[in-house]
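Me: Could you walk me through this protein model, a piece at a time? I'd like to know what I can read from it.

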Amino acid sequence: MYKFERLSGDIKVAVSSDHTFGTDAVILSYFANVKPRDKALDMGTGCGIIPLLWLRNEKINNVSCLDIQENAYEQLCCTIKENGIEDRLTPYLCDLREIEKHFPCESFSVVTMNPPYKPVGTGIESLGESARIARHEVCCNIEDAVKAASYLLKYGGRFCMCHRPERLVDTIEIMRKYRLEPKRLRFVQDKNNEQPFLFLIQGQKGAKPFLRVEPQLIIKNENGKFTKEMLDIYGSYADGYDK
């Protein structure tokens, strides 16, 4: 039913046709820069790739994640059991739009989300229900995610998400509405001479205005191979990539 992919010597992830992962999630996991002292939560976690990448650092333990889809939750539970990390990663089956029913206010220092990118009724909607929920704003939109993150974060806590560049203005406006001041912004390009296809943004709860725009993240060299930074981001998951 599931295929396991190795992320490091100690961590592997179960993937399926319904719940797998892409480069966006890997980059967001890296951008969030979770530290051992953090209490972190990933929302809309799918197969759990973002928190599992954090757990490649054996000093990181206090991690939770949630998803609204029961098949994603069951798949992640299988991953957790396979890795023997029940004491490091706690999954929740819940709707982030009702977050207050599941978590106390100000419970986390870091919250992340790789949200659905497409508004309902735009683009080609996938036939599969799991893919439709993951790609279209069926169960949550940017405001739902930001509102939940603001509720969950302690004062000074960080919310990190990624989205398409055309939604940047909406994202900044909504983050400020919920007291998550944008502090870091980074654009992602496939190659050096191409337009960005993704942005990464970090908001800090209760912070003063000051936005740092970081250097663009370039995924591929001109020869189509990953850049050194991307190889560093993938870490041991990319072992053998150049062979």
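**Helix 3 and its surroundings**

Reply: Happy to. The buried residues of helix 3 pack against strand 1 (3-6), strand 2 (12-15), helix 2 (49-54), strand 4 (63-67) and strand 5 (89-93). Helices (H or I, at least four residues) and strands (E, at least two) are DSSP runs, numbered from the N terminus. Residues are numbered from 1 along each chain as its sequence is written. This is a predicted model, where local features need pLDDT of at least 70, side-chain atom pairs count only at pLDDT 80 or more, and totals for chains, interfaces and linings use all residues, while side-chain values use heavy atoms and leave out hydrogens and water.

Me: Over which residues does pLDDT stay under 50?
Reply: pLDDT is the predictor's confidence in each residue, from 0 to 100. The protein chain averages 91, and 89% of the residues score at least 70. Where pLDDT is low, the predicted coordinates should not be read in detail. The stretch under 50 is residues 130-134.

Me: Which residues of helix 3 are buried, and what arc do they cover?
Reply: Buried means under 20% relative accessible area, exposed over 50%, and partly exposed in between (1.4 Å probe, protein chains only). In helix 3 the buried residues are Ala72, Gln75, Leu76, Thr79, Ile80 and Asn83. They lie on the same side of helix 3, because their arc, taken from the directions from the helix axis to the C-beta atoms, is only 145°.

Me: Which residues are exposed on the other side of helix 3?
Reply: Just after helix 3, glycine 84 takes a positive phi of about 65°. On the other side of the helix, the exposed residues are Glu70 and Lys81.

Me: How many disulfides are there?
Reply: A disulfide is counted when a pair of cysteine sulfur atoms lies within 2.5 Å. The sulfur of cysteine 65 has its closest cysteine sulfur in cysteine 77, at 8.5 Å, so they are too far for a bond. By this rule the count is zero.

Me: Which element gives the most to the largest nonpolar core?
Reply: A nonpolar core is a set of buried Ala, Val, Leu, Ile, Met, Phe, Trp, Tyr and Cys residues joined through side-chain atoms within 4.5 Å. The largest has 41 residues, and Leu7, Phe21 and Met230 are among those with the most contacts inside it. With six residues, the element that gives the most to this core is helix 1.

Me: How many of the ten residues of helix 1 are buried?
Reply: Helix 1 (residues 23-32) is mostly covered. Among its buried residues are Val26, Ile27, Leu28 and Phe31. The number buried is eight.

Terms used: Contact = heavy atoms within 4.5 Å.
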